[in-house]
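This report concerns enclosed space and helix packing in one protein model. The structure is shown below.

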Amino acid sequence: MRNEIRQALQDYQHLYSKEIFEDKTLFNAKTSEAVTGVTSRPINGLINTAISEMDAYTRIKNSSSRNMFTDVHNLTREIRKKYFIEENAAKAVIECIAELLGYIPPTANEHQAAAVDAALTIGDTVLFGDFDWLVLDIRGDNALLITLDIIEQRAYHPCYEGVTWENSKLRQYLNGDFYDIFSLDEKDKIIEARLSNPNNLWYSTHGGNDTSDKVFILSIEEADQYFGNSGDYLNQKRKKYEQGKWVTDPSGWILSNSHDNSRVAKHNGLASLWWLRTPGYSDCTVAYVGTPGYIPLNGDRVCIGRGGVRPAMWVKNLYR
């Protein structure tokens, strides 16, 4: 595909002069015509999208970035997200446009500089696959991500029965059908993580065996740690609702603090609850983050279908 794209760009430039790329109206008109040596309509469509809709040629040519590698990466990310174009095709188009401008692929040192320039920090949002992700943690070259929004609503487990994360249908789905939507390049970046599944500290409900997962959902401890790190769960700082407000009480059943708002997530534009993998007060229930962002640690029935799913994963070598 890359050779076809390069040849198509050269044909356009040869037949119509370089200026065609800088006039989006003219380029739109010319790409609807037959071009000598170019027979692939999908290739023409990709180039047309990149130049006449994204204006990628002009943006690369006039870029003030310190490193063209960063511009190529950012434009590839944009074209994938906005036009739902497969990753390898999007990257090939942008790189070939850069080559047409005389861009020489960066040396190893320039790659390193670009990586530093595009390095992730906790709290960033990044595009990976077809989703926007929030960066929760960074360890070396590895980053822990969680989807920015709730991607869908489904039961944690289809039957009202005792179940742990290890045996849940949600785990099976996330590491099966959901994982398979990613490209081979993306799968290569996803790390198989060893997860601890401890008991519910407040109810002593059995959390099950440790698991190894490519994709997972957060535990109560992780939801407390990565959204504010208050330590309220580990310290069993219990609250209950009394006289119109949450008050600290040894018999409380909820974790609520100043970080609730950071845990709020939306589904189709509306705030919604989302599952955690820690059991609730019994093995037929599972904890979740409520619509306002607090965590009812007694949980809800595993079989309810309105539970939101926010997948999480560890990935390697990921940049903005």
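## Largest cavity

The largest cavity is lined by Tyr156, Val163, Thr164, Trp165, His206, Gly207, Arg277, Pro279, Thr285 and Val286. On a 1 Å grid over the protein atoms alone, a cavity is a set of points where a 1.4 Å probe fits but cannot get out, and lining residues have an atom within 4 Å of a point. Two or more of these residues come from each of β13 (274-279) and β14 (285-289), strands being DSSP runs (E, at least two residues).

This is a predicted model, in which local features need pLDDT of at least 70 and side-chain atom pairs count only at pLDDT 80 or more, while totals for chains, interfaces and linings use all residues. Residues are numbered from 1 along each chain as its sequence is written, and side-chain values use heavy atoms, without hydrogens and water.

The volume of the largest cavity, the space filled by probe spheres set on the points, is about 40 Å³. Its lining comprises five nonpolar, four polar and one charged residue.

## Helix packing

Helices α1 (residues 2-16) and α6 (residues 87-100) pack with axes 9 Å apart, at an angle of about 40 degrees. The pair is therefore oblique, a class outside the ranges under 35 (roughly parallel), over 145 (roughly antiparallel) and 65 to 115 degrees (roughly perpendicular).

Contact (heavy atoms within 4.5 Å) involves Arg2, Ile5, Arg6, Leu9 and Gln13 of α1. From α6, the participants include Ala89, Ala92, Val93 and Glu95.

Definitions and conventions. Axes are lines fitted to C-alpha atoms, for helices over the stretch in contact, and angles run from 0 to 180 degrees between N-to-C directions. Helices (H or I, at least four residues) and strands (E, at least two) are DSSP runs, numbered from the N terminus. On a 1 Å grid over the protein atoms alone, a cavity is a set of points where a 1.4 Å probe fits but cannot get out, and a pocket is an open set with protein on both sides within 12 Å along at least five of seven lines; lining residues have an atom within 4 Å of a point. Ala, Val, Leu, Ile, Met, Phe, Trp, Tyr, Cys and Pro count as nonpolar, Asp, Glu, Lys and Arg as charged, and the others, Gly among them, as polar.
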